[in-house]
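I am opening this notebook to keep track of what I look up in the structure, one entry at a time. I begin with confidence, then turn to the aromatic rings, and end with one helix.

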Amino acid sequence: MVSAILLAAGSGSRMKSKTAKQFLEINGKPLLYYSLKIFDASVVDEIVLVTRGNDIDFVKNEIVKKYGFNKVRRIVAGGKERYDSVERGIKACDKRNKLIMIHDTARPFVTNFMILDSISTARRCKACTVAMPVKDTIKIVNDEGFGIETPDRRRVYQIQTPQTFDRETLVEAYHRMRISEDIQRGLAITDDTMIVERYLDIPSKMVEGSYQNIKVTTPEDLAVAEAFLARK
């Protein structure tokens, strides 16, 4: 059985809008709608939706109930950082479910194939993420902005979501993160595979995503998302 944590707690400051980006409309529906639609129709057993505390009633009434999403079992308030929001989502998941998927709802073009492939892979490997090979040459730079290394492009991937984990593995990784000093030292933790790799030394298997599985972060991304929907 599978739980899906859908993250929709961001403020969307880079969108330069008073409206949080998860509520900005694409083709007449909020961005959040598109991820919910895919996961609600998928094989996952429950959805835990993480949003800002002040938005819980709005999300419940104007999105979940309005569009008839039946698998949303709980809506919980997010935290200060992404990992805080994920952790609250983990605690809200049904403990009987063996796998947990985590998805950023700013990625509206997740597909059912990605979900199925991720579940199958996580059952074998304990941790996986949807990803795609980078198209551009990547440079590692020093603090002064000078390039110091050029990694082999064939080994560099652009990480997307969903990311899927064995429940016990994910819970233990978060526990070890919390008792470490990394957060106090200001380590930037932006990805859940990073937590499993860093604190449990468990590598994450790459699952094929799509170059259309973009993260809507800026007004330009919103225009691209609208173009993708128009093509469909």
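**Entry 1, confidence.** I looked up where confidence is lowest and where it is highest, and found the lowest mean, 82, in helix α7 (residues 219-231) and the highest, 97, in strand β6 (residues 99-104). I note that this is a predicted model, and that the chain averages a pLDDT of 91, with 96% of the residues scoring at least 70.

**Entry 2, aromatic pairs.** I searched the whole structure for aromatic pairs, and the search gave 6. I looked at Phe23 and Phe58, whose rings meet edge-to-face, with 5.2 Å from centre to centre and 75° between the planes. This pair links distant parts of the chain, since Phe23 sits in the loop between β1 (2-8) and β2 (25-26) while Phe58 belongs to helix α2 (residues 56-65), 35 residues apart. I then asked how accessible each partner is: Phe23 has a relative accessible area of 12% and is therefore buried, the limit being under 20%, whereas Phe58, at 40%, counts as partly exposed.

I went on to Tyr67 and Phe69, an aromatic pair that is tilted, with 6.2 Å between the centres and 40° between the planes. Here Tyr67 is partly exposed at a relative accessible area of 25%, and Phe69 is buried at 8%. I also noted that ring pairs join Tyr67 and Phe69 with Tyr33 and Tyr34 into a cluster.

**Entry 3, charges over rings.** Which lysine lies over the face of Tyr33? I found Lys29 there, at 5.4 Å from the ring centre. I recorded a further case at Tyr211, where Lys135 lies over the face of the ring at 4.1 Å from its centre.

**Entry 4, helix α4.** I checked the span of helix α4 (residues 112-125), which has 14 residues and reaches 20 Å from its first C-alpha to its last, close to the 20 Å expected at 1.5 Å a residue. I listed the buried residues in α4 as Met114, Ile115, Ser118, Ile119, Thr121 and Ala122. When I asked what covers the buried residues of α4, the elements I found included the helix α1 (31-40) and the strands β1, β6, β7 (127-133), β10 (157-166) and β11 (205-208). Strand β6, which is among these covering elements, is also where I had found the highest confidence in the chain. My last note concerns Lys126, just after α4, which takes a positive phi of about 75°.

Conventions: Residues are numbered from 1 along each chain as its sequence is written. This is a predicted model: local features need pLDDT of at least 70, side-chain atom pairs count only at pLDDT 80 or more; totals for chains, interfaces and linings use all residues. Side-chain values use heavy atoms; hydrogens and water are left out. pLDDT is the predictor's confidence in each residue, from 0 to 100. Helices (H or I, at least four residues) and strands (E, at least two) are DSSP runs, numbered from the N terminus. Rings of Phe, Tyr and Trp (its six-membered ring) pair if their centres lie within 6.5 Å; planes under 30 degrees apart count as stacked, over 60 as edge-to-face and the rest as tilted. Buried means under 20% relative accessible area, exposed over 50%, partly exposed in between (1.4 Å probe, protein chains only). A charge sits over a ring if NZ of Lys or CZ of Arg is within 6 Å of the ring centre and within 35 degrees of the ring normal. The expected span of a helix is 1.5 Å times one less than its number of residues. Contact means heavy atoms within 4.5 Å.
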